[in-house]
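Me: I would like to learn how to read a model of this kind, feature by feature. Could you take me through one, giving the idea behind each feature before the case at hand?

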Amino acid sequence: MIYFIGAGPGAADLITVKGKELLEKADLIIYAGSLVNPELLNYAKPECIIMDSAKMTLEEVIAAMVPAAQAGKLVVRLHTGDPSVYGAHREQIDLLRSYNLDFEIVPGVSSFCAAAACLDAEYTLPNVSQSVIITRMEEGRTPVPNKQKIADYAAHKATMVIFLSSGMLEKLQKELIAGGYTADTPAAIVYKASWPDEKVCRCTVGTLAETAKEHNITKTALITVGNFLGNIYDRSELYNPTFAHGYRAADPSKLDLKPEVK
């Protein structure tokens with residue numbers, strides 16, 4: 001059996017309980033060494049074979065997993081964050097299907113969730129943003145489809161979380177502004193969210209490149225953009241005492257408190 005497991009954003013204790021239990025039972029672990037915290041490998045049993053996929057091709061990964069699974073071994077493919085976000089696991093699964101091998105995907109905590117926690121932020125705020133766009137900059141080796149460039153998405157002025165782009169911030173901020181964000185729109189750079197050397201750098205769209213340079217950040221960072229980083233928003237109606245729903249009757253006599261922003 002082969003398990004594709006989301007390792008979480010970095011901290012070893014942010015893997016799911018199921019993911020940890022499978023690591024403890026695994027006979028073979030192939031992990032994304034350039035991104036996954038090696039402390040997670042401490043959960044493995046002493047006799048487990050551990051391979052770093054950072055220097056392997058897709059074909060080499062498959063060549064290692066297939067015979068182990070065919071021999072009845074428990075195989076773990078350990079991906080950073082959650083496999084469904086820039087995990088490149090679809091191509092592995094399609095190849096494994098050709099061998100009629102069983103597999104299961106175990107979700108993990110994505111780094112975009114950890115980044116929000118680092119920022120003490122909520123991506124979706126009433127009357128500010130009700131949508132989160134997860135995307136990345138276009139670069140030479142990996143183009144993006146038509147109408148899915150940064151400027152296209154910036155036109156929505158929704159919350160944006162931008163992966164794999166911290167080395168292209170001058171171009172990124174130009175595209176964000178061209179798409180519709182103003183230069184003073186709040187932004188933040190979150191470097192290695194949940195890791196011991198995590199950095200949180202708050203800035204604006206117009207100062208993204210300058211801020212990254214000041215803090216020597218060139219990779220392994222998420223860029224967040226939008227007014228969710230500001231202090232103005234409306235209270236959610238869900239817990240408003242004047243709002244009734246299937247589990248609670250309205251009580252207009254109670255004070256409708258406004259959230260205090262510090």
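Reply: What follows is a series of short exchanges on the overall fold, the ring contacts, the main pocket and some single residues.

Me: How many helices and strands are in the chain, and what does its C-alpha trace span along the principal axes?

Reply: Bear in mind that this is a predicted model. There are seven helices and 10 strands in the chain, and along its principal axes the C-alpha trace spans about 65 × 50 × 35 Å. The chain has 262 residues, of which 44% are buried.

Me: How should I read aromatic pairs, and how many does the structure hold?

Reply: Two values describe such a pair, namely the distance between the ring centres and the angle between the ring planes. The structure holds four aromatic pairs. In one of them, Tyr86 and Phe163, the ring centres are 5.3 Å apart and the planes meet at 50°, so the pair is classed as tilted, given that tilted covers what is neither under 30 degrees nor over 60.

Me: Which parts of the chain does the pair of Tyr86 and Phe163 tie together?

Reply: Tyr86 belongs to the loop between strand 4 (75-79) and helix 3 (90-97), whereas Phe163 belongs to strand 7 (residues 159-163), so their contact ties together parts that are 77 residues apart in sequence. The two partners can also be read by their accessibility: Tyr86 is partly exposed, at 40% relative accessibility, while Phe163, at 9%, is buried.

Me: Which residues do ring pairs link into a cluster?

Reply: The cluster is made up of Phe112, Tyr123 and Phe228, which are linked by ring pairs.

Me: Where does a charge sit over a ring, and at what distance from the ring centre?

Reply: The reading here depends on the position of the charged end relative to the ring centre and the ring normal. The charged end of Lys192 sits over the ring of Trp195, at 4.2 Å from the centre of that ring. In another case Lys199 lies over the face of Tyr191, with a distance of 5.8 Å from the ring centre.

Me: Is Lys192 buried or exposed, and where is it found?

Reply: Lys192 is found in the loop between strand 8 and strand 9 (199-204), and its relative accessible area of 17% means that Lys192 counts as buried, because the cut-off for that class is under 20%. The side chain of Lys192 also takes part in a polar contact of 3.4 Å with the side chain of Asp197.

Me: How is empty space found, and what volume does the largest pocket have?

Reply: Rolling a probe the size of a water molecule over the atoms shows where empty space is left. Here the largest pocket has a volume of about 1,200 Å³. It is lined by 40 residues, and those closest to its centre are Ser34, Leu35, Thr80, Tyr86 and Leu164. Two or more residues of the lining come from each of helix 2 (58-70), strand 4, helix 3, strand 8 (186-191) and strand 10 (221-225). By residue class, the lining divides into 18 nonpolar, 14 polar and eight charged residues.

Me: Where does Thr80 lie, and how far is Thr80 from Leu96 in sequence and in space?

Reply: Thr80 lies in the loop between strand 4 and helix 3, and with 27% relative accessibility Thr80 counts as partly exposed. Thr80 and Leu96 are 16 residues apart in sequence, and their C-alpha atoms are 20 Å apart in space.

Me: What separates the C-alpha atoms of Ile2 and Ile29?

Reply: Those C-alpha atoms are separated by 9.8 Å, with the two residues 27 residues apart along the chain. Ile2 lies in strand 1 (residues 2-6) and, at 0% relative accessibility, is buried.

Me: Which residues have a positive phi although they are not glycine?

Reply: Asn127 is one of them, with a phi of about 65°; its place is in the loop between helix 4 (111-118) and strand 6 (132-136), where Asn127 is exposed with a relative accessible area of 68%. Lys157 is another residue other than glycine with a positive value, near 55°, and Lys157 has its place in the loop between helix 5 (150-154) and strand 7.

Note on methods
Residues are numbered from 1 along each chain as its sequence is written. This is a predicted model: local features need pLDDT of at least 70, side-chain atom pairs count only at pLDDT 80 or more; totals for chains, interfaces and linings use all residues. Side-chain values use heavy atoms; hydrogens and water are left out. Rings of Phe, Tyr and Trp (its six-membered ring) pair if their centres lie within 6.5 Å; planes under 30 degrees apart count as stacked, over 60 as edge-to-face and the rest as tilted. Helices (H or I, at least four residues) and strands (E, at least two) are DSSP runs, numbered from the N terminus. Buried means under 20% relative accessible area, exposed over 50%, partly exposed in between (1.4 Å probe, protein chains only). A charge sits over a ring if NZ of Lys or CZ of Arg is within 6 Å of the ring centre and within 35 degrees of the ring normal. On a 1 Å grid over the protein atoms alone, a cavity is a set of points where a 1.4 Å probe fits but cannot get out, and a pocket is an open set with protein on both sides within 12 Å along at least five of seven lines; lining residues have an atom within 4 Å of a point. Grid points are joined across faces, edges and corners, and a volume is the space filled by probe spheres set on the points. Ala, Val, Leu, Ile, Met, Phe, Trp, Tyr, Cys and Pro count as nonpolar, Asp, Glu, Lys and Arg as charged, and the others, Gly among them, as polar. A polar contact is a pair of N or O atoms within 3.5 Å; within protein, one must be able to donate a hydrogen and the other to accept it, and residues adjacent in sequence count only if both atoms are side-chain atoms.
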